[in-house]
Amino acid sequence: MVGKWHLGFYKRGCLPTQRGFDTFFGSLLGSGDYYSHYKCEGPGMCGYDLYEGEEAAWEQDRGLYSTVMFTRKAVSILASHNPHLQPLFLYLAYQAVHSPLQVPARYLERYKGIPNPHRRKYAAMVSCLDEAIHNLTLALKQFGYYDNTVIVYSTDNGGQPLAGGSNWPLRGSKATYWEGGIRGVGFVHSPLLVKKGSKCQSLVHITDWFPTLVTLGGGTLDEDLNLDGYDIWEAISEGRPSPRLDILHNIDPIYTKAKNGSWKAGYGLWNTAIQAALRVGHWKLLTGVPGYSDWVPPQTFSNQRLTTRHHNERVRWDRGKSVWLFNITADPYERIDLSQRYPHIVKKMLMRLVQYNKTAVPVRYPAKDLRSNPQYNGGVWGPWYKDEKQEREDEEEEYNNLFKHHFGKRRWKIKSKNKKLKRKAEH
């Protein structure tokens, strides 16, 4: 794996090399400086975040822009591997495009015509990323991988308009349950595709990649795994219907609750104060607080904050609501709420939420633990939690080192004293 992990690191067991990857080069946090690879999470909470395996990559760091650095690392992996002897899975998670908005000046020059500084930097960062994928594709061809390779390129969420991103004409933004927040753009490129240049309109979820790629690579999956994902290769490659019929976007009963939500609004089936989003076929149901819900045009012509923009489409009729229903196929922009017109569809989808919720793992948002501060970990963001067994082992190791140090020092003193006595005797 190369790039951004962002899946936890409070203990070593959470690191990429402990979670299935043979190697890891990249960052553990969700963002950071593209050049220095430092990140501050608050006053006095700053640290270095670049890893090789399970250790800080001080020696590997040359102050390179992360998009360039990760690409070079990926190319070096391709160069050192023989594609004819053993298959290779490379997960390359670029930091771009994410705040802070930073980019080499040579890419910025191309977009002088965009007055908005955030949008201008964002466009430049995308160009740098495009070039990185181009260079990676050239390496796949150069080292003999390309003819038997599948490239899956995808974002992980919608854009953030305040940081140069755009989801227009979709509704909402990153961290919301509107289409602008959860619909990811992407493509699949491969000589193995049967129908090239086509658009897949079927439902596809991130959990589908695991069974799809394992099967495509000639692997087998145990039937008792109870996976959430489906093998969608035929839907992508041949344009066949996807085996996926629905997507549970999320259920979060704790983080944000709608003040006006109730069991009554959910027909006694579901408390609509709970933040949830579900897609079944053409239908999409939202309950609770879906998040920032305006339609935001690309921030190209102004650098004013969104709150002062006049051509922002403000939503006022949503206040007081806690249930929405949309036909996403007919209305991908989520402008026409159909929850009052089709209550029977709402009820069916609420029951589906109830079914999903029965198998949910309890939500937990632990408080910040001061032991995670990099200043207690050599100035590096990394594993900080130790259970009782680890604590005992560390204490024993510390005691043994102390004992060895003390015993060695004492032996040195005795040896030194004997040498002095010997010299006196000689004289």
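## Report on a predicted model

At 6% relative accessibility, Thr71 counts as buried, since the cut-off for that class is under 20% relative accessible area. Thr71 belongs to helix H1, and this value, like every other in the report, is computed from a predicted model. Once its neighbours within four places in sequence are set aside, Thr71 is in contact with Tyr94, Ala132 and Asn135. Thr71 and Leu92 are separated by 21 residues in sequence, while their C-alpha atoms lie 8.4 Å apart in space.

### The chain as a whole

The protein chain holds eight helices and 13 strands, and of its 427 residues 38% count as buried. When contacts between residues at least 6 apart in sequence are considered, 61% of them join residues at least 24 apart.

### Helix H1 and the five-stranded sheet

Helix H1, which covers residues 66-80, lies across E1, E2, strand E5 (51-52) and E7, and runs at about 150° to E1. These strands belong to an open sheet of five strands with mixed pairing, whose order is E6-E5-E2-E1-E7. Strand E6 (55-56) and strand E7 (92-93) are the edge strands of this sheet, each of them pairing on one side only. Within the sheet, strand E1 (residues 2-4) and strand E2 (residues 25-27) run parallel and are joined by three bridges; Val2 stands opposite Phe25 in E2.

### Strands E10, E11 and E12

Another set of paired strands involves E11, five of whose six residues are buried, so that this strand is largely enclosed by the rest of the structure. E11 pairs with E10 in the antiparallel sense over six bridges, and with E12, also in the antiparallel sense, over five bridges. Ala277 of E11 can be followed through both pairings, as Asn250 stands opposite Ala277 in the first pairing and Leu286 in E12 stands opposite Ala277 in the second. The hairpin of E11 and E12 has two residues between the strands, and in this hairpin Gly281 takes a positive phi near 60°.

The loop between E10 and E11 contains Asn271. With a relative accessibility of 17%, Asn271 counts as buried, and, not counting residues up to four places away in sequence, Asn271 touches Gly261, Ser262 and Trp263.

### Helix H7 and its cover

Helix H7 is formed by residues 343-357, 15 residues in number, and reaches 21 Å from its first C-alpha to its last, which is close to the 21 Å expected at 1.5 Å a residue. The residues Ile345, Val346, Met349, Leu350 and Leu353 are buried in H7. Seen down the helix axis, the buried residues of H7 fall within an arc of 135°, and they therefore line one face of the helix. This spacing can be set beside the general geometry of such elements: an α-helix has 3.6 residues a turn, so residues three or four places apart point the same way.

What lies over that buried set in H7? The cover of the buried residues includes strand E10 (246-252), strand E11 (275-280), strand E12 (283-287) and strand E13 (323-327). The antiparallel pairings of E10 with E11 and of E11 with E12 thus concern strands that are also among those covering H7.

### Cysteines

The disulfide count for the model comes to one. The bond joins Cys40 to Cys46, with an S to S distance of 1.9 Å, and this pair satisfies the criterion because a disulfide is taken as a pair of cysteine sulfur atoms within 2.5 Å. The torsion about the S-S bond of Cys40 and Cys46 is about 110°, so the disulfide is right-handed. The table sets the accessibility of these two residues beside that of Cys14 and Cys128.

| Residue | Relative accessibility | Class |
|---|---|---|
| Cys40 | 46% | partly exposed |
| Cys46 | 35% | partly exposed |
| Cys14 | 18% | buried |
| Cys128 | 2% | buried |

Both partners of the disulfide, Cys40 and Cys46, are thus partly exposed, because values between 20% and 50% fall in that class. Cys14, at 18%, counts as buried, as does Cys128, at 2%.

Note on methods: Residues are numbered from 1 along each chain as its sequence is written. This is a predicted model: local features need pLDDT of at least 70, side-chain atom pairs count only at pLDDT 80 or more; totals for chains, interfaces and linings use all residues. Side-chain values use heavy atoms; hydrogens and water are left out. Buried means under 20% relative accessible area, exposed over 50%, partly exposed in between (1.4 Å probe, protein chains only). Helices (H or I, at least four residues) and strands (E, at least two) are DSSP runs, numbered from the N terminus. The expected span of a helix is 1.5 Å times one less than its number of residues. The arc is that of the directions from the helix axis to the C-beta atoms. Contact means heavy atoms within 4.5 Å. Two strands pair if DSSP finds at least two bridges between them. Axes are lines fitted to C-alpha atoms, for helices over the stretch in contact, and angles run from 0 to 180 degrees between N-to-C directions.
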